[in-house]
Amino acid sequence: MKVSREQVIELLKEGKRIDGRGLLDPRPIQMEVGVVERAEGSAIVAMGKTRVLCVVRGPMECVPSYLADPEKAVLDVAYRMATFSTEERKSPSPSRREIELSKVIREALEPALMLDKYPRMMIRVYCLVLQADGGTRTASINAASMALAYAGIPMRDLVASVAIGYYDGKILVDLNAAEDDLCADIPMAMMPTYNKITLIQADHIFPVDKIGDILKVGVSAMKKIYELQRETLKRRYIDIARELEEGG
Amino acid sequence: MANEFLLSIRRGFLSNIERMSILSYLEKNKRLDGRGLLEMRELKLMPNYIEKAEGSCFVSLGKTKIIAGIKVSIGSPYPDTPNQGAFIVNMETMPIASPSFELGPPSEPGIETARVVDRGIRSAEFIDLESLCIEPGKSVYLLFIDLYPIDDNGNLVDAAFYSAIGALLTAKLPKVEIEGEKPVLVRDETVPLKVRMENLPIQLTYGKILNKIILDPTNQEELLIDYKITMAIARGNIVGIQKSGKGAADIDDIIFVANDLKSRAEKIRQNILAQIKK
Amino acid sequence: MKKSSIRIVVPGEIIATGHNYTVKGAANMGLDGRVIATRVGLLKIKGREITVVPLSGPYIPKKGDSVIGIVVDFSVVYWLLEINYVWRARMDASDFLKRPFDASKERITDHLKIGEVVYAKVAHIERGVAPILSCREKGYGKLEGGRLISINPVKIPRVIGVKSTMLESIKRITDADIRVGANGIIWVKAERPEIEELVEYAIKKIEREAHITGLTKRIQKELMEGMRKIHGRE
């Protein structure tokens with residue numbers, strides 16, 4: 001259902017959102033790991049209608065070889081949108097946006113990875129957006145963290161990510177597409193165990209003195225997503241866990 | 001984690017011990033996964049997998065998985081068919097389903113698969129192209145059927161075919177309104193895409209190893225196969241054939257495949273329709 | 001003394017805080033005294049000893065590892081083998097033949113061809129280059145016949161068992177010839193293909209249930225039953 005900018009604004013005035021959520025409520029999240037058997041790691045994350053599949057391959061030989069780093073592995077991330085993921089068909093060739101987001105996602109994940117364990121190697125992360133409704137980079141980061149952990153790549157921490165919005169004095173958690181058109185869109189990612197931010201971007205406009213509150217709301221939302229990521233990974237080994245509880 | 005597949009696919013060929021294992025099973029008319037020579041893996045269709053797309057279907061054929069998505073736009077008809085809409089099948093080969101795929105434009109196998117799938121559907125005249133006409137000679141619906149392999153455990157071409165069929169069977173066209181001079185899509189009002197159910201094509205792929213013909217090969221088997229025959233049938237007629245692989249095919253094998261496919265087509269058709277209705 | 005406990009941990013999970021812990025496996029002790037897991041794994045705590053056993057991850061060869069390799073290429077005096085590692089391994093002709101190799105008199109492919117399978121030891125490993133394999137020790141060399149089984153390399157220690165108990169049980173009950181590669185590949189050759197299938201079934205079961213106690217006894221039981229059925233069919 002096409003929603004007009006005016007509808008979003010009207011609802012926001014009353015502190016409501018088009019899908020009935022409260023300002024601080026994220027969309028319903030579904031996560032699963034190990035969905036692609038032929039890959040070392042994989043995960044699917046759905047945040048509301050946004051759905052992203054992430055596949056991790058590696059560690060592998062560094063190709064091209066001149067990119068190899070004698071002290072640590074090279075992380076290569078490709079973010080792509082499926083042609084049917086958007087309202088108008090997206091051309092399969094990578095757009096400037098996809099190239100920028102590939103870099104930004106890579107830099108959101110890199111601080112969490114212990115790449116020095118795999119010198120001269122390469123780890124490839126592919127994020128494919130199956131359906132786009134706002135927050136595709138955040139869903140990609142959430143999926144990539146779990147896929148990397150599932151592949152057994154040593155990590156300091158998982159990385160959790162969410163897009164925070166600001167409009168007319170109101171701070172919103174987890175923007176959908178209609179909302180990120182209107183609001184200041186501030187996607188962020190963090191390593192909760194270290195309380196460090198690995199991604200932050202912003203567009204549109206918002207008052208300087210709101211940045212503290214925006215970060216606070218973001219950190220709280222990301223920590224909740226982090227709990228879901230941990231649960232999703234552990235759930236994959238649920239048979240073992242159950243046996244351990246019963247007998248181990 | 002299915003290590004055995006990663007290993008043999010990364011290498012691109014089987015060790016002599018793995019090859020002997022597959023061959024010794026074949027001699028007893030069995031396959032490594034317990035199937036008979038002419039047994040298909042389980043085919044599952046999940047239509048409307050991507051709700052924002054005009055049509056979509058997630059298919060699993062055994063462990064091979066693929067998603068088809070349909071996007072609709074308005075364009076000009078081809079000059080020789082002014083009253084018909086158009087469709088094109090494309091397959092992207094992102095390194096998701098297989099380590100042998102590379103980032104970038106579709107590879108040769110991707111393009112071949114897309115064209116084979118396209119051919120069966122087109123020759124069968126399954127889609128009612130006249131119903132896609134908006135203004136004769138001026139504007140028609142264009143259907144883009146895009147295939148994204150998710151997990152390649154062999155026989156992507158058949159999985160791709162059924163995902164396209166599943167997407168077409170459940171596709172919905174947005175209505176058209178004339179705004180100013182131009183027709184524009186009204187996305188929240190839709191009508192089902194018109195297809196000719198009696199022309200529903202059924203496609204299967206067979207492989208030849210030594211003197212045995214197998215149906216629906218896995219990717220380990222694909223490494224041993226001399227050649228593959230993909231064939232599509234609709235309403236008792238052959239609507240597509242593709243021989244692929246380096247080997248040379250026996251005439252008897254081609255005839256065998258045609259007859260075997262004919263004997264299975266109805267059952268597969270019932271299976272597809274039952275799953276779409278759910 | 002604290003009771004021993006086992007649970008699953010994920011990267012970033014804080015296991016304990018304090019400086020007098022011994023930390024083994026996939027976990028780090030930070031300067032702030034926090035012990036943090038670095039991979040998805042099984043956490044075992046015994047007193048002040050913390051171990052995280054990873055549940056997944058790539059095979060990284062160590063010197064002395066026994067591996068099963070497949071010949072994928074060759075040059076005048078050496079072969080290249082696939083061993084489920086990032087790079088292919090190299091084996092010099094002399095290290096396989098256990099004698100000097102004279103390239104002017106012999107052809108390397110007379111001894112090992114592409115696609116053949118070898119049980120070898122990792123003689124030398126350095127990060128970022130091809131590992132060096134050798135068959136000089138007794139019991140290593142070309143493998144023929146039988147079948148190959150591929151499992152997650154992190155589960156290989158369980159297939160061998162503490163002091164080799166699991167592996168010896170399987171060999172004893174089935175009378176099969178089994179070579180286990182640290183790289184996740186196992187070779188089995190038995191009198192009959194049904195026995196090889198039985199061993200494959202047992203190994204896949206060990207892979208699935210690696211962390212559940214009493215596994216060795218359960219496997220022994222299933223193998224004995226399986227062997228009875230096979231011989232009963234005669």
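**Figure 1. Contacts and overall make-up of chain C in the predicted model.** Among the contacts of chain C with a separation of 6 or more, 59% are between residues 24 or more positions apart. The chain contains five helices and 16 strands. Of the 234 residues in chain C, 54% are buried. The C-alpha trace of chain C extends over about 65 × 55 × 25 Å along its principal axes.

**Figure 2. Packing of helices α3 and α4 in chain C.** Two packed helices are described by the angle between their axes and the distance between the axes. Helix α3(C), residues 165-174, packs with helix α4(C), residues 193-209, at an angle of about 160 degrees, and the axes lie 11 Å apart. Angles over 145 degrees count as roughly antiparallel, and α3(C) and α4(C) are therefore roughly antiparallel to each other. Their crossing is right-handed. On the α3(C) side, Met166(C), Ile170(C) and Thr174(C) take part in the contact, meeting Ile195(C), Val199(C) and Ile206(C) of α4(C). Classified by residue type, this contact of α3(C) with α4(C) comprises five nonpolar residues, one polar residue and no charged residues.

**Figure 3. Cysteine environment in chain A.** With a disulfide requiring cysteine sulfur atoms within 2.5 Å, the count over all chains is zero disulfides. Cys127(A) is accordingly in no disulfide, and the nearest cysteine sulfur, which belongs to Cys54(A), is 3.9 Å away. Cys127(A) has a relative accessible area of 0% and is buried. Cys183(A) also counts as buried, at 0% relative accessibility.

**Figure 4. Two cis peptide bonds in chain A.** Most peptide bonds are trans. A cis peptide bond nevertheless links Gly58(A) to Pro59(A), with omega of about 5 degrees. Pro59(A) lies in strand β3 of chain A, which covers residues 50-61. A cis peptide bond also links Val63(A) to Pro64(A), where omega is about 0 degrees. Pro64(A) belongs to the loop between β3 and β4 (74-81) of chain A.

**Figure 5. Positive phi values at Glu125(B) and Arg235(B).** Most residues other than glycine have a negative phi. Glu125(B), although not a glycine, has a positive phi of about 55 degrees. This residue, Glu125(B), is placed in the loop between α3 (108-123) and β5 (133-135) of chain B. Arg235(B), likewise not a glycine, has a positive phi of about 55 degrees. The loop that holds Arg235(B) runs between β11 (227-234) and β12 (237-244) of chain B. Arg235(B) is exposed, with a relative accessible area of 61%.

Terms used:
Residues are numbered from 1 along each chain as its sequence is written. Chains are lettered from A and ligands numbered from 1 in the order in which they are written. This is a predicted model: local features need pLDDT of at least 70, side-chain atom pairs count only at pLDDT 80 or more; totals for chains, interfaces and linings use all residues. Side-chain values use heavy atoms; hydrogens and water are left out. Buried means under 20% relative accessible area, exposed over 50%, partly exposed in between (1.4 Å probe, protein chains only). Axes are lines fitted to C-alpha atoms, for helices over the stretch in contact, and angles run from 0 to 180 degrees between N-to-C directions. Helices (H or I, at least four residues) and strands (E, at least two) are DSSP runs, numbered from the N terminus. Angles under 35 degrees count as roughly parallel, over 145 as roughly antiparallel, 65 to 115 as roughly perpendicular and the rest as oblique. A crossing is left-handed if the near helix is turned anticlockwise from the far one by less than a right angle, and right-handed if clockwise. Contact means heavy atoms within 4.5 Å. Ala, Val, Leu, Ile, Met, Phe, Trp, Tyr, Cys and Pro count as nonpolar, Asp, Glu, Lys and Arg as charged, and the others, Gly among them, as polar.
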